[in-house]
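Colleague: Could you walk me through reading this model? I would like to start with confidence and then look at the fold.

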Amino acid sequence: MYINSLETRIQANGKFPVPLKGESYFHHHQPVKFHATIEGTPLIITSEAGEIFLTDKRIIFIARKPSPIDDFENFQIMLEDITSSILFPSKKDTFSVNVTLRSGIEIIMSFSYEKDHLEDKKIFEAYYGMLVAQASQGDQSNDDDKDPLLQSSAIFEHLILKSNRESILESDTRQEFR
């Protein structure tokens, strides 16, 4: 986990992370609200507006403006540092996860999307699940019985099916109240 140490470049539309060697981008979205709590510390990081980036190596948040309270500008986690990732059931517009890092640090973080961008949230969830699974499989490279591509595909399918089920349930609920 890194706070305010992200190397960025400024372009016409804002700040963008400088890519790491061989890094591929999977998801980018704005605006999102960001909230993170570092377990066991009083540290709480919040930003009302910013951008989220998800790559094959890290998850990144860049605030639109630095926080006037604590100068918070950006946050990143290397996916290979994640040893545990537990999704929290939350509001439809919020992705919340409890992440444990190799160092033992636990972070509860949330990304809130605007109501008209819920499809983008679902895409983020699917990619996040796939990439975290791939990163954790990279740690178990001596386990020949597990194919990370097959496992990440299964996770991706599970997330898509879950998303479709939720959409069906939502439409059923809406029809009941009409």
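**Confidence first, then the fold**

Modeller: Happy to! This is a predicted model, and pLDDT stays under 50 over residues 141-158, a stretch with 14 contacts beyond four places in sequence. Residues 168-178 also have a pLDDT below 50, with 1 contact in the model beyond near neighbours in sequence.

Colleague: How should I treat such stretches, and what average pLDDT does the protein chain have?

Modeller: Where pLDDT is low, the predicted coordinates should not be read in detail. The protein chain averages a pLDDT of 81, and 77% of the residues score at least 70.

Colleague: Now the sheet: in what order do the strands run?

Modeller: Read the order across the sheet, then look for the edges. Here 8 strands form an open sheet with antiparallel pairing, ordered β1-β7-β6-β5-β4-β10-β9-β8. Because β1 (2-3) and β8 (82-88) each have a single partner strand, one side of each lacks a neighbour in the sheet. Inside the order, β4 pairs with β5 (residues 44-55) in the antiparallel sense over 9 bridges. His-28 sits opposite Phe-53 in β5.

Colleague: And how many aromatic pairs are there in the whole structure?

Modeller: A search finds 13. For each pair, check the ring distance and the angle between planes. Phe-34 and Phe-111 make a tilted pair, 5.2 Å centre to centre with 40° between the planes. Phe-34 belongs to β4 (residues 25-38) and Phe-111 to β10 (residues 106-113), so the pair ties together parts 77 residues apart in sequence.

Colleague: Are those two rings' residues, Phe-34 and Phe-111, buried or exposed?

Modeller: Both Phe-34 and Phe-111 are buried. They also belong to a cluster linked by ring pairs, with Phe-61, Phe-72, Phe-75, Phe-95, Phe-124 and Tyr-128.

Note on methods
Residues numbered from 1 in each chain as written. Predicted model: local features only at pLDDT ≥ 70, side-chain atom pairs only at ≥ 80, totals over all residues. Heavy atoms only, no water. pLDDT = per-residue confidence, 0-100. Contact = heavy atoms within 4.5 Å. Phe/Tyr/Trp six-rings, centres within 6.5 Å; stacked < 30°, edge-to-face > 60°. Helix = DSSP H or I, 4+ residues; strand = E, 2+ residues; numbered from the N terminus. Buried < 20%, exposed > 50% of the residue type's maximum accessible area, 1.4 Å probe, protein only. Pairing = 2+ DSSP bridges.
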